[in-house]
Protein chains: 2
Amino acid sequence: MNPFSLLQLISRDLEKLETELKNFLRVPAPVLSETGVYLLEAGGKRVRPAFTLLAGKLFRYDEKMLFTVAMAIEVIHMATLAHDDIVDDSALRRGKPTLAARWGNGVAVVTGDYLLAKAMELVYSMKNREVAAILARTSVEMCRGEICQIRTSYDIGQSVYDYFYKIRRKTALLISLSCEAGAIVSGASREEARILRQYGHCLGIAFQMVDDILDLDGTKEKLGKPVGSDVRQGIITLPMIIAMNGPGSGALRLRELLARKDKSEEEVAEAVQLIRRSDGLSLSLEAARRYIARACQKLPELPDRPARAALTKMAEFIANRRH
Amino acid sequence: MNPFSLLQLISRDLEKLETELKNFLRVPAPVLSETGVYLLEAGGKRVRPAFTLLAGKLFRYDEKMLFTVAMAIEVIHMATLAHDDIVDDSALRRGKPTLAARWGNGVAVVTGDYLLAKAMELVYSMKNREVAAILARTSVEMCRGEICQIRTSYDIGQSVYDYFYKIRRKTALLISLSCEAGAIVSGASREEARILRQYGHCLGIAFQMVDDILDLDGTKEKLGKPVGSDVRQGIITLPMIIAMNGPGSGALRLRELLARKDKSEEEVAEAVQLIRRSDGLSLSLEAARRYIARACQKLPELPDRPARAALTKMAEFIANRRH
């Protein structure tokens, strides 16, 4: 179920895009078409394509161009999932075994590279150097974020600044690009493209913050992976930073637990409980909501079309989602 | 020691390129500049940049353009090394620990992705859509080659055709692109660019064939990795295919050994001995030399400049190299 199909404005286009994505990845290539389609069918909310299409709807909606850029961004996103699961050594994603778990690290590495190369083909075919250049720069920054996450895992001394450095690169930049690129290929002005980039950036930050909250607050069924997987993997998120810096002995115990590698399942559960009992989750949610508000702040300066209201809806959905 | 520095024609430019590559990868990025420079300093013969520069010397030598494309291709090559070592689970490359062995799979994955993204930045900056498009297509095919290698590992039933399918993608395409792209950005005609592509393709095939021979015929000191690492990893190369299909009981025993996963070191050594005693190595070397000859066949149709003679020298070097 794609929550964005509720957005009537683009629901038919998103369906069409889904078919095109499948056809694009189905092109016969032993193993790679299988793993590509597996990743695609593993779900995903197509958040990024939805943003690109909505941005396009604000201006001159050139379906061909928008589909190309939306597909390229979604395929890059899929590639990062394939590679992230190697980095994080994750067995499950959205309730299904990860590529790395099912086919091994080697196949997961090559599938990611293959998707990146296929995305490059799409990008080059667009003949839009501006989008291509932003995409390359974004990819470089995404890698910097990922390496920072590796470097700072289990590091309980990290600051809120470190957290935002990471989630900006891990999530916000690509969502930001989805919005901006949709605007650029649709004839938006520089200022309009900038407003959409800013919208995507704030929304992307909020999106990851909510993700990090749900990892601690959700249930295994809704998440499609065990609760507290960040705790298990040593990824220090905002609710943890807040909880560790809170008053009382709980904070001290939490620091001890989060710094420990190879935690037992009991210790993971204890850490999750300690965070839940702190004000880490509620303060994080408040912060996420501030980002949502900031995202929408400048929307009134964009053309007054139905897509503008839909962008606000998207923001609300992200703030309130439970999985 | 770079054997190509013997080529006076480009030795100074190759040195300059080496400095530029180092500056390019040194750009401050925690861990990533360290791993990037580590990969760079691990050696490598800069075969691909040498081809690009030589191709340029045949026509209008635009240093800036040629350096950009040569660096992009070498950085992509380095990215594939970082990722291949994860796929092959290799501990050593050129006598030094691999990235994956020293920093772990996660860092090796991200370093490869980072290098790919940095290469994309270079490619986009060139404003040459033709080169960009060939590069994307080449990257897609390289992944197909890699996945084929994973799929057919330990598969003793594979044919000479399978072997050539793999080495074309694994090695020949990128060398071919090095030559062709050097020609394209230097104002060569379509036909001249085609001849250089063909040259690079045949040479690339020969290069990999010689590599595969040396893996069985060399010494650990010269290779910088244990002898027979292909045997150990289940990569079936041409000398093995020839030896397995030879007469006598040795061939049968070899089939048994090559199909076996988790071979002991004694079994690896026995397999290497069986191949050495067959005519697999000599016939493979003959075949490689035929590719070298084919590579040089059409060179007389290119402009009669010193670089043309140097291309022949490169071919001879590849045919005769011992490491």
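Which residues does A:Q208 touch, if we leave out those up to four places away in sequence? Let me begin there, and let me say at once that what we have in front of us is a predicted model, so that everything I describe was computed from it. Leaving those sequence neighbours aside, A:Q208 is in contact with A:Y163, A:I167, A:K170 and A:T171. As for where this residue sits, you will find A:Q208 in helix α9 of chain A, the helix that covers residues 190-217. A:Q208 has a relative accessible area of 6%, and because buried means under 20%, we call A:Q208 buried. Its side chain also has a polar partner, since the side chains of A:Q208 and A:D212 are joined by a polar contact of 2.8 Å.

Now let me turn to how the two chains are arranged. If you take chain B, turn it by 180 degrees and shift it 0.0 Å along the axis, it can be laid on chain A with an RMSD of 0.0 Å. The two copies are therefore related as by a two-fold rotation axis. Both copies use the same surface, in that 100% of the contact residues of chain B recur in chain A. If you would like to look for the axis on your screen, B:V109 is the residue of chain B that comes closest to it, with its C-alpha at 3.6 Å.

My next topic is empty space inside the model. Searching the whole structure gives seven cavities of 30 Å³ or more, and the largest cavity holds about 130 Å³ of space. Which residues line this largest cavity? From chain A they are A:V123, A:Y124, A:K127, A:N128, A:R129 and A:A132, and from chain B they are B:V123, B:Y124, B:K127, B:N128, B:R129 and B:A132. In terms of helices, α6 (105-125) and α7 (129-151) of chain A, and likewise α6 (105-125) and α7 (129-151) of chain B, each contribute at least two residues to that lining. By character, the lining is made up of six nonpolar, two polar and four charged residues.

Finally, I would like to point out one residue in chain B, namely B:A133, which belongs to helix α7 of that chain. Is B:A133 buried, exposed or partly exposed? Its relative accessibility is 30%, and so B:A133 counts as partly exposed. Between B:A133 and B:V123 there are 9.8 Å in space, from C-alpha to C-alpha, while in sequence these two residues are 10 residues apart; B:V123, as you may recall, is one of the residues that line the largest cavity.

Conventions: Residues numbered from 1 in each chain as written. Chains lettered and ligands numbered in written order. Predicted model: local features only at pLDDT ≥ 70, side-chain atom pairs only at ≥ 80, totals over all residues. Heavy atoms only, no water. Helix = DSSP H or I, 4+ residues; strand = E, 2+ residues; numbered from the N terminus. Buried < 20%, exposed > 50% of the residue type's maximum accessible area, 1.4 Å probe, protein only. Polar contact = N/O pair within 3.5 Å; in protein donor to acceptor, adjacent residues only side chain to side chain. Contact = heavy atoms within 4.5 Å. 1 Å grid on protein atoms, 1.4 Å probe; cavity = no way out; pocket = protein on both sides within 12 Å on 5 of 7 lines; lining within 4 Å. Points joined across faces, edges and corners; volume = space filled by probe spheres on them. Nonpolar A, V, L, I, M, F, W, Y, C, P; charged D, E, K, R; others polar. Least-squares fit on C-alpha atoms with pLDDT ≥ 70 in both.
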